[in-house]
Amino acid sequence: MPISPSALAQLPVRRLTVADLLACADLSENRGWLREEHKWGLLLSAGTGYGIDDPDGDGLLACCVVTSYGSGPEGPELAAVGMVLVAQRYARRGVGRRLMRHVLDEAGETPLTLHATANGRPLYEELGFAEIGRAEMVKGRFTGAVPAPDVAVRPVTAEDLQEVLRLDREVFGLDRTPLITRLPAFADHLRVAVENGAIIGFAAAWPNMDTHVVGPLIARDTATAQALVASLGAATNRPLRTDVDLRHTELLGWLKENGLDPVITNAVMVRSLPDLPGDLDRRFAPLTVAAG
């Protein structure tokens with residue numbers, strides 16, 4: 001028997017752990033998304049997962065993950081909401097709203113950000129989120145047909161980590177050490193761009209199903225971003241995928257000239273914040289849109 005709307009609204013929301021990874025991947029697959037188990041492992045270990053169990057015992061009815069950054073006197077200074085999923089059989093029955101209202105209650109005064117699809121955007125606007133930008137996902141085999149500028153790029157070393165963390169904090173605008181320090185184990189390839197011995201950018205390529213996702217991509221300028229992507233593209237036989245802020249038109253054009261095709265454009269939204277912190281001119285792509 002179908003669950004009534006009033007009963008759905010009363011279902012408890014619980015914290016998820018890494019032990020829920022497969023259930024989250026199953027829910028992704030149920031909605032036609034990729035399973036992305038590797039990414040789920042990172043998000044559930046570095047962030048806070050929330051889920052609603054199916055009362056029929058059939059896995060998760062809904063889930064999402066929240067990744068927090070910075071540490072102010074009142075708690076995190078920013079949190080990213082991602083992977084908001086509702087099982088197909090419960091779609092459009094208020095479950096997503098129920099889950100998001102719980103997330104908002106848990107967040108309190110913490111500003112929130114997320115990447116919204118066209119389908120999800122009306123709910124987020126209803127909950128007080130406003131669009132402040134857009135990001136385009138591109139995917140394809142990197143050809144290198146249009147060469148990158150001559151910027152020195154090399155694999156990261158253990159000695160680079162503190163400088164990478166310093167640069168990331170400067171550009172992202174908040175401390176995200178718990179996420180960045182996981183990159184050496186999470187990513188297959190991690191590169192830094194250097195000039196006169198100083199690190200001027202860094203980027204990772206991490207495995208996601210049959211692709212390598214490029215992110216984060218932090219760089220002094222477009223030329224540096226291009227050099228980092230070219231180095232990562234040369235290191236893999238898989239197609240590349242990345243999500244680039246639409247403000248970076250030169251990088252997007254270069255990626256498309258090198259074999260990456262547009263997939264989807266999502267809205268970048270914030271709540272209780274006029275804009276994202278940090279230097280958006282040097283933030284070319286997130287580690288994953290799910291983590292802001």
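**Entry 1: Glu77**

I started with Glu77, which I found in the loop between E3 and strand E4 (78–86). This is a predicted model, so I kept to local features with pLDDT of at least 70.

Is Glu77 buried or exposed? Neither word fits: Glu77 is partly exposed, with a relative accessible area of 40%. I then listed what Glu77 touches, leaving out residues up to four places away in sequence, and got Tyr69, Gly70, Ser71, Gly72, Thr110, Pro111 and Leu174. Ser71 deserved a second look, as the side chain of Glu77 reaches the backbone nitrogen of Ser71 at 2.9 Å. For a longer span I picked Ser28, 49 residues from Glu77 along the chain; the two C-alpha atoms are separated by 29 Å.

**Entry 2: from E4 to E5**

Next I followed the chain onward from E4. Which way do E4 and E5 run relative to each other, parallel or antiparallel? They run parallel, joined by 2 bridges. Ala79 has Leu112 in E5 as its bridge partner. On the way from E4 to E5 the chain passes through helix H4 (residues 95–107), and I noted this β-α-β crossover as right-handed.

On its other pairing, E5 meets strand E12 (residues 261–271) in the antiparallel sense, over 5 bridges. There, Thr113 stands opposite Val270 in E12.

How many residues of E5 are buried? I counted 5 of the 5 in residues 112–116, so the strand is largely enclosed by the rest of the structure. I checked both faces too: Leu112, Leu114 and Ala116 lie on one side, Thr113 and His115 on the other, and all are buried.

**Entry 3: the cores**

I turned to nonpolar packing. The largest nonpolar core has 76 residues, and those with the most contacts inside it are Trp40, Met100 and Phe129. I opened up Phe129 and, again skipping residues up to four places away in sequence, found that it touches Met100, Leu104, Leu112, Thr113, Leu114, Tyr124, Met269, Val270 and Arg271. Friendly note to self: Thr113 and Val270 are the pair I saw facing each other across E5 and E12. Apart from the largest core lies another, of 25 residues, among them Phe142, Ala219, Trp254 and Leu260.

**Entry 4: the E1, E2 and E3 strands**

Then I went back towards the start of the chain. Strand E1 (residues 14–16) pairs with strand E2 (residues 48–53) in the antiparallel sense over 3 bridges. Leu16 stands opposite Gly49 in E2.

How many bridges join E2 to strand E3 (residues 60–69)? I found 6, and these two strands run antiparallel. One of the pairs is Ile52 with Ala62, its bridge partner in E3. The hairpin of E2 and E3 has 6 residues between the strands, and in it Gly57 takes a positive phi near 80 degrees.

**Entry 5: cysteines**

Last, I searched the whole structure for disulfides and found 0. Cys24 is in no disulfide, and the nearest cysteine sulfur, that of Cys63, is 4.4 Å away. Cys63 likewise is in no disulfide, with the sulfur of Cys24 as the nearest cysteine sulfur at 4.4 Å. Why does this pair not count? A disulfide needs the two sulfur atoms within 2.5 Å, and the sulfur of Cys63 is 4.4 Å from that of Cys24.

Are the two cysteines buried or exposed? Cys24 is buried, with a relative accessible area of 0%, and Cys63 is buried, also with 0%.

Methods. Residues numbered from 1 in each chain as written. Heavy atoms only, no water. Pairing = 2+ DSSP bridges. Helix = DSSP H or I, 4+ residues; strand = E, 2+ residues; numbered from the N terminus. Buried < 20%, exposed > 50% of the residue type's maximum accessible area, 1.4 Å probe, protein only. Contact = heavy atoms within 4.5 Å. Polar contact = N/O pair within 3.5 Å; in protein donor to acceptor, adjacent residues only side chain to side chain. Core = buried A, V, L, I, M, F, W, Y, C linked by side-chain atoms within 4.5 Å. Right-handed = clockwise from strand over helix to strand, strands pointing away.
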